[in-house]
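Trainee: Could you walk me through this one before I set anything up? I would like to begin with the cysteines and then move on to the core.

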Amino acid sequence: MRVRSLMLAAAGAALIAPTALAGAAPRPDAAHERAGHGGPGAENVPRAGGAADARKAPRRKAPRPGNVRATELLAAVRDCAPVSDDRFSSDDGEPADIEVCGRKEAVFWKADLDIDCDGRPGRHCNERTDPLFCDTTAFQQSDGRQLSAERLPYVVVPGPSHRWNHKEHDVRRGTVAAVIHGDRVRYAVVGDIGPADIIGEASYALARNLGIRPDPKGGGAASGVTYILFKGSGASPIESPGAAAAQGERLARELVGRS
């Protein structure tokens, strides 16, 4: 059961970041397609002793590394060193059994995924489609407009409390996140703030990219979603999925030791 985000209680808080979304920014899924591995597997081999032929032979190119896989990221966050002082619930009324864990480079948790449709109204996110719809988000895009849950993959962090304060772990507006569901890895930004005691919420766009039903009335995932937030990161502009994907892939490589 989704609950209304905390920004209702903190309306008016708006942080502005740089430039507007570039028209050439790649689509959200483009950064997650499998990279190629160079040319054909068989190459011409120069004849032994033929120096001229050897010079003509094509140079072997180093294979391009593939994108970081879900299994690699899950292995990197297998062990939990709690950084939250208390646990969170996945939904209102559910047991508090979710911890925020930490590493030097990131904080992470494993929870459900409730659909956040808040922000700029659109075809799929509005007062008719979502009974809890709110036309504002805790953070705004670079031109001052509200974020679009339909277009921008973003995650929701709990409001600061005695349990955990995201600000103390260098998590803020636009912090880049890797979110894993099944064998899919998708990159997002921190775009909204939710209740102080509940964790596990993300935008319509992120749910769709993860292959999760994005309907705010009955969609989402009951469990099995891992959220990894990279400390000190920040996509610029916040509303660019391409910026988040590019930075997220680099940070994910560093996290799994493939930098």
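Trainee: Which residue forms a disulfide with Cys80, and how far apart are their sulfur atoms?

Mentor: Bear in mind that this is a predicted model. In it, Cys80 forms a disulfide with Cys101, and the two sulfur atoms are 1.9 Å apart. The link is left-handed, with -90 degrees about the S-S bond.

Trainee: What does that pair tie together?

Mentor: Cys80 lies in the loop between α2 and β1, while Cys101 belongs to strand β3, so the bond ties together parts that are 21 residues apart in sequence.

Trainee: And is Cys101 buried or exposed?

Mentor: Cys101 is buried, with a relative accessible area of 6%, whereas its partner Cys80 is partly exposed, at 37%.

Trainee: How many disulfides does the count come to?

Mentor: The count comes to 2 disulfides. Besides the pair just described, Cys117 and Cys125 are joined, with their sulfur atoms 1.9 Å apart, and this link is left-handed as well, with -70 degrees about the S-S bond. Both Cys117 and Cys125 are buried. Counting bonded cysteines along the chain, the pattern is 1-2, 3-4.

Trainee: What about Cys134, buried or exposed?

Mentor: Cys134 is buried, with a relative accessible area of 8%.

Trainee: Switching to the core, how many residues does the largest nonpolar one have?

Mentor: The largest nonpolar core has 60 residues, and those with the most contacts inside it include Leu73, Trp109, Leu113 and Tyr227. Among the elements that each supply at least two residues of this core are helix α2 (70-76), strand β4 (106-116), strand β9 (221-230) and helix α4 (241-255).

Trainee: Which element gives the most?

Mentor: That is β4, which gives 7 residues to this core.

Trainee: You listed Trp109, so what is it in contact with beyond its neighbours within four places in sequence?

Mentor: With those neighbours left aside, the contacts of Trp109 include Ile98, Glu99 and Val100, then Val156, Val157 and Trp164, and also Val225, Thr226, Tyr227 and Leu229.

Trainee: One last spot, then: where is Gly224 placed?

Mentor: Gly224 is in strand β9. Its C-alpha atom is separated by 6.2 Å from that of Asp112, although the two residues are 112 apart along the chain.

Trainee: Which residues does Gly224 touch, not counting those up to four places away in sequence?

Mentor: On that basis, Gly224 touches Ala111, Ile180, His181 and Gly182.

Key:
Residues are numbered from 1 along each chain as its sequence is written. This is a predicted model: local features need pLDDT of at least 70, side-chain atom pairs count only at pLDDT 80 or more; totals for chains, interfaces and linings use all residues. Side-chain values use heavy atoms; hydrogens and water are left out. A nonpolar core is a set of buried Ala, Val, Leu, Ile, Met, Phe, Trp, Tyr and Cys residues joined through side-chain atoms within 4.5 Å. Buried means under 20% relative accessible area, exposed over 50%, partly exposed in between (1.4 Å probe, protein chains only). Helices (H or I, at least four residues) and strands (E, at least two) are DSSP runs, numbered from the N terminus. Contact means heavy atoms within 4.5 Å. A disulfide is a pair of cysteine sulfur atoms within 2.5 Å.
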